[in-house]
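Colleague: I've got the model open and a coffee in hand. Mind if I fire some questions at you?

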Amino acid sequence: MTTPAGHCFRVLGLLSGTSVDGIDVAVAEIRDDNGTVVLTPLGELDVPYPPGLRTDLLDALPPRPSSARQLTVLDTRVGQAFADAAARGIAAYGPVDVIASLGQTVYHWVENGVALGTFQLGQPAWIAERTGVPVIADLRIRDITAGGQGAPLASTLDAMWLRGLAEETGRPVAALNLGGIANITVVTQSDKVLAYDTGPANALLDLAAAHVSDGKLSADIDGRLALAGSVREDLLDRLLADPYFAAAPPKSTGKEHFHGGYLDAALSGLPPLSPEDLLATLTELTAATVAAECRRHGVATVVASGGGVANPATMAALARLLPDGALRTSDDLGLPGSGKEAYLTALLGWLSWCGVPATLPSATGASGPRLLGALTPGAAPLNLPAPLGGAATRLRVAESGQSR
C-alpha cells in the first residue's frame with residue numbers, strides 16, 4: 001500500500017446497534033504508515049435516543065407490522081438524532097474531515113442462508129446538513145450485492161488488528177462482539193478470516209427483562225436477575241435446537257429472527273420459570289453458543305467488546321465455558337470496548353474515502369472485496385483524496401490523543 005501525502009484524516013463514526021439503545025459516536029485520527037493503518041482513538045460518546053424514539057423503533061421491528069409512512073417518519077427522526085449526535089461528537093473532540101454512519105438496522109433479509117437485502121434508517125443528508133461534513137453511509141448493501149452477508153463488518157477491523165496477536169501466539173484469536181446479536185471474527189496466521197453471527201446476545205435478554213418487569217427494565221442491569229437464577233436445562237435444550245446454530249458460516253441474523261414471538265414459542269408448554277431462571281438460561285444460551293464456535297475453531301484467545309461486556313453474568317458464563325485465561329477485553333489491548341463498533345465505522349469510512357475495499361470475502365461470503373458506501377456531500381464541493389494503492393492488511397491502535 002502506497003503512502004501519498006495527505007492521507008491522514010479525522011473521521012467520525014456513528015451507529016446504533018441491534019439493541020436500539022442509543023447512538024455510539026467515536027472520533028479517530030486514521031492514517032497509513034507504509035501499509036499499516038494507524039488508528040488513534042480521540043474519544044467516544046454514547047448518546048441516548050430522544051424520549052419515545054427507541055419505543056417507536058422497537059414498535060416498527062419485525063414481527064410487528066409497519067407502514068411506509070411509519071418508516072419514512074422514523075428515517076427522518078433517526079437521521080436527525082444521528083445529526084445531533086455527530087454535532088455533539090465534533091463539539092467534544094474537534095472538527096472532522098468525513099463522517100461514516102452505519103445507521104440503525106431495522107431489517108436484515110436472509111432466506112435459506114442467503115442475504116438478499118438490508119435496511120438501515122437514518123437519512124445521511126440530515127447529518128451532512130447539520131455538520132457541513134461529507135457523509136459515507138449505506139455501508140452494508142454493496143457486500144450483499146456481491147453475494148455476501150453484509151455482516152459482520154467488524155471482521156475488517158478485527159482481522160487487521162488481531163493478526164499480529166495470532167502470529168505471536170501461533171494460535172487462532174477470536175474477536176467477540178456482544179451487542180443485540182453476538183458475532184465472532186476468527187483470525188489466524190493465514191490471510192483467511194472467518195466471521196459470522198453466532199446467535200443472540202442482548203436481544204433476548206433485553207426482551208426478557210422488559211417482559212418480567214412489566215416494562216420497567218430495558219435490560220438485566222449488572223446481570224442481577226441472571227446471577228440470582230439457575231439454568232433451566234429444558235428451555236436451554238429447546239433453544240439450542242434452533243437450526244441457526246447448526247448452520248455453517250458465513251451466516252448472519254438479527255431481531256427479525258430472535259424476537260418476542262421466538263421467545264414465546266420457546267417457552268410454550270414448559271413448566272413456569274422464575275424471572276431469575278429465565279434470564280440465567282438466556283445468558284447461558286449466549287455463552288454456550290459463543291463458546292461452542294470458539295472451540296470449533298481452536299481459539300486460544302477471545303477479545304470481547306460491546307455492551308454485553310458490562311454484564312457480569314454474561315462474562316462469568318463465558319469465562320466458565322472458555323479455556324482458562326482465554327477471555328480478554330478490547331480495552332486490554334488499547335481499543336475502548338465501549339466505542340469499538342463506532343471506531344470500526346470510522347475505519348470503514350476512512351477506507352472508502354481513500355478508495356480501499358473494506359470487506360473480507362472469506363468473512364462475509366462475497367465473491368470479492370468491494371468499496372463500500374454511498375457518499376452525501378457536505379457544505380463544500382467534494383474533494384476526494386487520490387486512492388491509496390493496494391489493500392489494508394494491518395492495523396495498529398495508537399495511544400489516545402485525548403481522553404474521554
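Colleague: Let's start with Asp138: in which loop does it lie?

Modeller: Bear in mind that this is a predicted model. Asp138 has a positive phi of about 55° although it is not a glycine. It counts as partly exposed, because its relative accessibility is 40% and the buried class stops under 20%. As for the place, Asp138 sits in the loop between strand 6 (135-137) and helix 4 (141-145).

Colleague: Then there's Asp214, with a phi near 55°. Is Asp214 buried or exposed?

Modeller: Asp214 is another residue other than glycine with a positive phi, and its place is in the loop between helix 6 and helix 7 (224-227). The cut-off for exposed is over 50%. Asp214 has a relative accessible area of 71%, so the answer is exposed.

Colleague: On to the prolines. Which residue is joined to Pro249 by a cis peptide bond?

Modeller: There is a cis bond from Pro62 to Pro63, with omega near 10°, and Pro63 lies in the loop between helix 1 and helix 2 (68-93). For Pro249, the cis bond has an omega of about 5°. Its partner belongs to the loop between helix 9 (243-246) and helix 10. That partner is Pro250.

Colleague: UniProt has something on the stretch near the start of the chain. Which residue of that "binding site" set is in the lining of the second largest pocket?

Modeller: The unreviewed UniProt entry lists Gly17, Thr18, Ser19, Val20, Asp21, Gly22, Ile23 and Asp24 under "binding site". From this set, the pocket lining takes in Ser19.

Colleague: Thr18 and Val20 are both on that UniProt list. Why does Val20 count as buried?

Modeller: Thr18 lies in the loop between strand 1 (9-16) and strand 2 (23-33), and Val20 is found in the loop between strand 1 and strand 2 too. Thr18 counts as partly exposed because its relative accessibility is 23%, and the buried class is under 20%. Val20 counts as buried because its relative accessible area is 2%.

Colleague: And beyond four places in sequence, which residues is Thr18 in contact with?

Modeller: Let me take Val20 before Thr18. Leaving aside neighbours within four places, Val20 is in contact with Tyr49, Arg54, Leu57, Leu58, Leu61, Gln104 and Lys255. Lys255 turns up for Thr18 as well. The full set for Thr18 is Gly179, Gly180, Ile181 and Lys255.

Colleague: Back to that pocket. Which helix gives the most to the lining of the second largest pocket?

Modeller: The pocket holds about 550 Å³ of space and is lined by 26 residues, with Leu58, Arg64, Asp206, Leu207 and Ala210 nearest its centre. Helix 1 (53-60), helix 6 (202-212) and helix 10 (260-267) each supply at least two residues of the lining. The biggest share, 6 residues, comes from helix 6.

Colleague: Now helix 5. At which residue does helix 5 bend?

Modeller: Helix 5 (residues 154-169) has 16 residues and reaches 22 Å from its first C-alpha to its last, close to the 22 Å expected. Of those 16 residues, 12 are buried, so the helix is largely enclosed by the rest of the structure. Gly170, with a positive phi near 70°, follows the helix. The bend is about 45°, and it comes at Leu162.

Colleague: How much space lies in the largest cavity?

Modeller: The structure holds 1 cavity of 30 Å³ or more. Its lining is Ala154, Leu157, Asp158, Asn177, Ser305, Lys340, Glu341 and Leu344, with helix 5 and helix 13 (340-353) each supplying at least two of those residues. Ala154, Leu157 and Asp158 are among the buried residues of helix 5. The space in the cavity comes to about 40 Å³.

Colleague: Last one: what distance separates the C-alpha atoms of Ala128 and Val98?

Modeller: Ala128 is found in helix 3 (residues 124-131) and counts as buried, because its relative accessibility is 7%. Not counting residues up to four places away, it touches Val133, Val135, Thr376, Pro377 and Gly378. Ala128 and Val98 are 30 residues apart along the chain, and their C-alpha atoms are separated by 9.6 Å.

Definitions and conventions: Residues numbered from 1 in each chain as written. Predicted model: local features only at pLDDT ≥ 70, side-chain atom pairs only at ≥ 80, totals over all residues. Heavy atoms only, no water. UniProt positions renumbered as here; feature names shortened; annotations may be inferred. 1 Å grid on protein atoms, 1.4 Å probe; cavity = no way out; pocket = protein on both sides within 12 Å on 5 of 7 lines; lining within 4 Å. Helix = DSSP H or I, 4+ residues; strand = E, 2+ residues; numbered from the N terminus. Buried < 20%, exposed > 50% of the residue type's maximum accessible area, 1.4 Å probe, protein only. Contact = heavy atoms within 4.5 Å. Expected span 1.5 Å × (residues − 1). Bend = angle between axes of the 7 residues up to and from the residue. Points joined across faces, edges and corners; volume = space filled by probe spheres on them.
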